[in-house]
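Here is a short guided walk through one protein model. Have the sequence and the 3D view side by side as you read.

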Amino acid sequence: PWGKHGETLQVRGYENTVAALEWALTNFPQLSELRFAGDSAGSLGVQWWARWVLAKFAGRETNALVIPDSFAGVLFPPSADEKSETYLFKAWNMCGDDAL
């Protein structure tokens with residue numbers, strides 16, 4: 001029940017991704033470059049799909065690059081005041097002024 005009024009929604013991310021990639025394979029028989037990127041939670045999708053995408057486009061491109069950017073999916077333990085994600089951000093000095 002994820003809908004606005006509690007109704008069940010159909011999530012079709014896999015089917016949509018496959019349809020978009022099959023369309024690209026049909027419409028782009030040759031590429032000079034292939035870039036495949038995602039950030040935040042999208043970086044997980046890029047990593048999940050990378051092998052399939054690179055295999056399907058193999059031989060169609062001369063230069064391929066996969067860019068998974070910015071994901072630290074660690075929120076444990078749920079009951080702690082400082083989650084492990086917060087700890088990692090501090091320990092690795094992520095999202096601080098030093099990086100700017």
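## Buried positions

A residue counts as buried when its relative accessible area is under 20%, and as exposed when that area is over 50%, with partly exposed in between. The model you are looking at is predicted. With that cut-off in hand, start with helix H2, where Ser43, Val46, Trp49, Ala50, Val53 and Phe57 are buried. Helix H2 itself covers residues 42-57.

An α-helix has 3.6 residues a turn, so residues three or four places apart point the same way. What do the buried residues of H2 pack against? Their partners are helix H1, strand S1 and strand S2, the last of these being residues 64-69.

## The overall layout

It helps to step back for a moment. The protein chain contains 3 helices and 2 strands, and reading from the N terminus the elements follow the order α-β-α-β-α. The chain has 100 residues, of which 19% count as buried.

How much of the contact pattern links residues that are 24 or more positions apart? Among contacts in the protein chain with a separation of 6 or more, such residues account for 58%.

## The nonpolar core

The largest nonpolar core brings together 10 residues: Leu21, Ala24, Leu25, Leu31, Leu34, Phe36, Val46, Trp49, Val53 and Phe57. Helix H1 (13-27), strand S1 (34-39) and H2 each give at least two residues to this core. The largest share, 4 residues, comes from H2.

Leu25 is a good core residue to click on. Leu25 sits in helix H1 and counts as buried because its relative accessibility is 9%, below the 20% cut-off. Leaving out residues up to four places away in sequence, Leu25 touches Lys56, Phe57 and Arg60. Leu25 and Phe57 are 32 residues apart in sequence, yet their C-alpha atoms are 7.2 Å apart in space.

## Helix H2 up close

Ser43 lies in H2. Is Ser43 buried or exposed? Ser43 is buried, since its relative accessible area is 2% and the cut-off is under 20%. The side chain of Ser43 also has a polar partner, reaching the backbone oxygen of Ser40 at 2.7 Å.

Further along, H2 has a kink of about 50°, and the kink is centred on Trp49. Trp49 touches Tyr14, Thr17, Val18, Leu21 and Phe36, with residues up to four places away in sequence not counted. Just after H2, Gly59 takes a positive phi of about 85°.

## Aromatic pairs

How many aromatic pairs does the structure hold? There are 3. Trp23 and Phe28 form an edge-to-face pair, with 5.8 Å from centre to centre and 75° between the planes. The arrangement is called edge-to-face because planes over 60 degrees apart fall in that class.

The two partners of this pair fall into separate accessibility classes. Trp23 is exposed because its relative accessible area is 52%, over the 50% limit. Phe28 has 39% relative accessibility and so counts as partly exposed. Elsewhere, Tyr14, Trp49 and Trp52 form one aromatic cluster, and Trp49 is the residue on which the kink in H2 is centred.

## A salt bridge

Side chains of opposite charge can pair when their charged atoms come close. The count here comes to 1 salt bridge. Arg35 forms this bridge with Glu33, and the closest N and O atoms are 3.6 Å apart. That distance qualifies because the cut-off for a salt bridge is within 4 Å.

Arg35 counts as partly exposed, because its relative accessibility is 39%. Glu33, at 46% relative accessibility, is also partly exposed.

## A meeting point at Ala64

Ala64 is found in strand S2. Which residues is Ala64 in contact with, leaving aside neighbours within four places in sequence? They are Leu34, Arg35 and Leu54. One of them, Arg35, is the salt-bridge partner of Glu33, and another, Leu34, belongs to the largest nonpolar core.

Ala64 and Leu34 are 30 residues apart in sequence, and their C-alpha atoms are 4.6 Å apart in space. Ala64 counts as partly exposed, because its relative accessibility is 33%.

Note on methods: Residues numbered from 1 in each chain as written. Predicted model: local features only at pLDDT ≥ 70, side-chain atom pairs only at ≥ 80, totals over all residues. Heavy atoms only, no water. Buried < 20%, exposed > 50% of the residue type's maximum accessible area, 1.4 Å probe, protein only. Polar contact = N/O pair within 3.5 Å; in protein donor to acceptor, adjacent residues only side chain to side chain. Core = buried A, V, L, I, M, F, W, Y, C linked by side-chain atoms within 4.5 Å. Contact = heavy atoms within 4.5 Å. Phe/Tyr/Trp six-rings, centres within 6.5 Å; stacked < 30°, edge-to-face > 60°. Bend = angle between axes of the 7 residues up to and from the residue. Salt bridge = Lys/Arg side-chain N within 4 Å of Asp/Glu carboxyl O.
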